[in-house]
Amino acid sequence: MHKRYFAWLVCAALTGCNPRLGNGLRKNDRSRDVEMKTTKGTLVIRLYDETPLHRDNFLQLVKSHYYDGILFHRVIKNFMIQGGDPESRQAADTTKLGNGGPAYTIPAEFRPDLFHFKGVVAAAREGDEVNPEKASSGSQFYIVQGKTFSEAGLDSVERFRLKGIKIPEARRTVYRSVGGTPHLDGSYTVFGRVLYGLAVVDSIAAVPTHGRSGGDRPLGDVRIIRARLIRRR
């Protein structure tokens with residue numbers, strides 16, 4: 001058999017097992033993790049199959065190098081770190097960020113078993129007053145740092161932040177031991193979690209910022225150097 005023909009057969013066989021999905025992805029992309037190299041260290045993120053619209057969108061953006069060079073532009077200690085604004089890539093030091101992104105949103109994908117424990121990756125969005133459907137930004141995301149809660153603290157969150165909605169006991173256990181941001185549950189789509197690199201999240205969350213008046217932007221840039229798909233460990 002001619003070597004070129006044999007190589008073509010092998011290639012056809014491989015791509016047949018890993019077909020294109022029509023959205024810039026191949027089937028096997030959905031079983032890969034995201035490695036995000038930042039100026040503070042490297043994160044490995046696993047995306048949830050339970051939120052397929054957000055999963056596929058994030059995978060597409062990573063494959064297109066959308067996040068390469070983008071800043072974590074909003075950082076609040078004991079809360080979260082936020083990135084994904086393409087306007088941050090070349091922004092001046094004093095520019096307030098957070099309004100950039102592709103010209104589309106993603107429908108909310110709330111799941112009762114996906115909640116805001118430490119290390120969760122979730123989609124940022126515009127506020128309820130202009131976005132009652134709670135649709136997600138096409139590119140902006142945040143990673144939860146949060147804090148641990150006492151029973152009394154969780155009772156307070158239920159009463160004042162969740163307007164009487166009860167936090168299930170299984171979640172309460174996680175929020176007491178691991179920590180998180182329970183008041184965000186049911187309002188923002190959770191679509192992944194940090195598998196490796198929680199210390200990097202803590203390091204980013206600890207950087208000095210311009211404060212609330214400056215959009216909580218870090219005083220020194222914290223940048224995503226590169227994001228790519230990798231085989232699962």
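Start by selecting Gly153: in this predicted model it is partly exposed, with a relative accessible area of 21%. Since partly exposed begins at 20%, Gly153 falls in that class by its 21%. You'll find Gly153 in helix H3. Now add Ser88 to the selection and draw a line between the two C-alpha atoms: Gly153 and Ser88 are 65 residues apart along the chain, and the line comes out at 35 Å.

Stay on the helix and click Glu158. Helix H3 covers residues 151-161, and Glu158 sits in it. Is Glu158 buried or exposed? With a relative accessible area of 6%, Glu158 is buried, because anything under 20% counts that way. Show what surrounds Glu158: setting aside residues up to four places away in sequence, it touches Lys163, Gly164, Ile165, Lys166, Ile167 and Arg172.

One of those neighbours of Glu158 is Lys163, so select that next. Lys163 is in the loop between H3 and helix H4 (169-177). It is exposed, at 71% relative accessible area. Check the backbone here too: phi of Lys163 is near 55°, which is positive even though the residue isn't a glycine. For context, most residues other than glycine have a negative phi.

There's another positive phi to visit, at Asn78. Its value is about 65°, again in a residue that is not a glycine. Look for Asn78 in the loop between strand S3 (72-76) and strand S4 (80-83). Asn78 is partly exposed, with a relative accessible area of 43%.

From that loop, go to Phe72, at the start of the 72-76 range of strand S3. What is Phe72 in contact with, once its neighbours within four places in sequence are left aside? Quite a list: Met36, Thr38, Ile81, Gln82, Gly83, Phe141, Ile143, Ile204, Pro218, Val222 and Ile224.

Now light up the core. The largest nonpolar core has 31 residues, and Phe72 is among those with the most contacts inside it, together with Met36, Phe58, Tyr67, Phe141 and Ile143. Apart from that core lies another, of 19 residues; pick out Phe79, Val120, Tyr142 and Ile167, which are among them. In soluble globular proteins, nonpolar side chains tend to be buried together.

Next stop: Pro208, in the loop between helix H5 (198-205) and strand S10 (224-230). Pro208 is exposed, with 55% relative accessible area. Beyond neighbours within four places in sequence, Pro208 is in contact with Pro218 and Leu219. Pro218 should ring a bell, as Phe72 is in contact with it as well. Bring Ser88 back for one more distance: Pro208 and Ser88 are 120 residues apart in sequence, yet 18 Å apart in space, C-alpha to C-alpha.

Finally, zoom out and colour by secondary structure. The protein has five helices and ten strands. Its radius of gyration is 19 Å, close to the 17 Å that the globule rule gives for 233 residues, so it is as compact as a globular protein of that length. Along the principal axes, the C-alpha trace spans about 75 × 45 × 35 Å.

Turn on contacts, and 72% of those between residues at least 6 apart in sequence join residues at least 24 apart. Switch to a surface, and you're looking at about 12,200 Å² of accessible area, 53% of it from carbon and sulfur atoms. Of the 233 residues, 45% count as buried. Last, colour by charge: the mean positions of the 37 positive and 24 negative charges are 7 Å apart.

Methods. Residues numbered from 1 in each chain as written. Predicted model: local features only at pLDDT ≥ 70, side-chain atom pairs only at ≥ 80, totals over all residues. Heavy atoms only, no water. Helix = DSSP H or I, 4+ residues; strand = E, 2+ residues; numbered from the N terminus. Rg over C-alpha atoms; globule rule 2.2 N^0.38 Å. Buried < 20%, exposed > 50% of the residue type's maximum accessible area, 1.4 Å probe, protein only. Contact = heavy atoms within 4.5 Å. Areas by Shrake-Rupley, 256 points an atom, 1.4 Å probe, with all protein chains shown as cover. Lys, Arg positive; Asp, Glu negative; His and termini not counted. Charge placed at Lys NZ, Arg CZ, Asp CG, Glu CD. Core = buried A, V, L, I, M, F, W, Y, C linked by side-chain atoms within 4.5 Å.
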